[in-house]
Amino acid sequence: MSTPSRAYIAGKLRSFAMFGDLADEDLVILAEMMTFKRYAKGAFILTQNEQGVAMYFLVSGRVKVSLASPEGKELALNYLEAPAHFGEMSLVDAEPRSADVIAVTDVEAFALDARDLSSAIQLQPRLALALIGTLSRRVREMISRLEDMAFHDATHRVMRVLLNVATASYESSGVPIIEGLTHYEIATLAGTSRETASRVISQLGKDGVVGTKGRKIVIDLLALGQLLESN
């Protein structure tokens, strides 16, 4: 496949909330700063401890953010669906990458070089606020996850993962749904076994808190939130 035009890149960038109010000519200028990237399923987009030279705007597909031990054990930190951005931390603090980012499906992304970040922010100041918001949200999510691991059982942790993922879906698309995540992937985010995750999801289904449509899980956010508060 050929490299897409700047007009195509500009159109895709408009799907990101931070760029939604940019004039067409400014989007084209921003597109000129971007490098189009394709990654096959299973490819490493970022590698832990490498020096960060770019941040990425995910425009199609899904990626996994994870850590790996020297023994080969993996801890999944998050799964990101397009549209999303990642890799900004190393550009902000000039430190090596903190985690691996792996393509779970075939992926298309735009890379913004570290040298162009300041120019991009001058063009769209909301980008800076979006980066700050993302970093803050991920710190809060990590604190919440550590709290769950320390003080709550596996059932609570699975419900928390379901609530967080469905809430993110609701905020981005208006539908509280989990799509594309297997029970195993939900389990890795919750720090438990696939069997436990499946058992919890099945029980929530019997309680009317979740519904399943094929591989999609539809969440009653209010009911699940109340259940977590009482658990």
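This passage walks through a four-stranded sheet, a helix that packs on it, and a second region around helix α8 and a hairpin. The model is predicted, so to speak, by computation alone: local features need pLDDT of at least 70, side-chain atom pairs count only at pLDDT 80 or more, and totals for chains, interfaces and linings use all residues. Residues are numbered from 1 along each chain as its sequence is written, and side-chain values use heavy atoms, with hydrogens and water left out.Helices (H or I, at least four residues) and strands (E, at least two) are DSSP runs, numbered from the N terminus. Four strands form an open sheet in the order β1-β8-β3-β6, with antiparallel pairing; two strands pair if DSSP finds at least two bridges between them. At the edges lie β1 (34-39) and β6 (84-86), each of which pairs on one side only. From one strand to the next, the twist averages 30°. Within this sheet, β3 (residues 54-60) and β8 (residues 107-113) are joined in the antiparallel sense over six bridges, and Phe57 stands opposite Phe110 in β8. Helix α5 (residues 126-151) packs on the sheet, where α5 touches β3 and β6; contact means heavy atoms within 4.5 Å. The direction of α5 makes about 75° with that of β6, with axes taken as lines fitted to C-alpha atoms, for helices over the stretch in contact, and angles running from 0 to 180 degrees between N-to-C directions.

Turning to helix α8, its 13 residues (194-206) should span 18 Å at 1.5 Å a residue, and the end C-alpha atoms are 18 Å apart, which agrees. The expected span of a helix is 1.5 Å times one less than its number of residues. Thr196, Ala197, Ser198, Val200, Ile201 and Leu204 of α8 are buried; buried means under 20% relative accessible area, exposed over 50%, and partly exposed in between (1.4 Å probe, protein chains only). The cover over these buried residues includes α6 (154-173), α7 (183-190), β10 (210-213), β11 (216-219) and α9 (221-230). Just after α8, Gly208 takes a positive phi of about 80°.

Two of the covering elements, β10 and β11, pair with each other in the antiparallel sense over four bridges. Thr212 has Ile217 in β11 as its bridge partner. The hairpin has two residues between its strands, and Gly214 takes a positive phi near 65° there. Arg215 lies in the loop between β10 and β11 and is exposed, with a relative accessible area of 58%. Leaving aside residues up to four places away in sequence, Arg215 touches Ile178, Glu179, Gly180 and Thr182. Of these, Gly180 is 35 residues from Arg215 in sequence and 6.7 Å from Arg215 in space, C-alpha to C-alpha.
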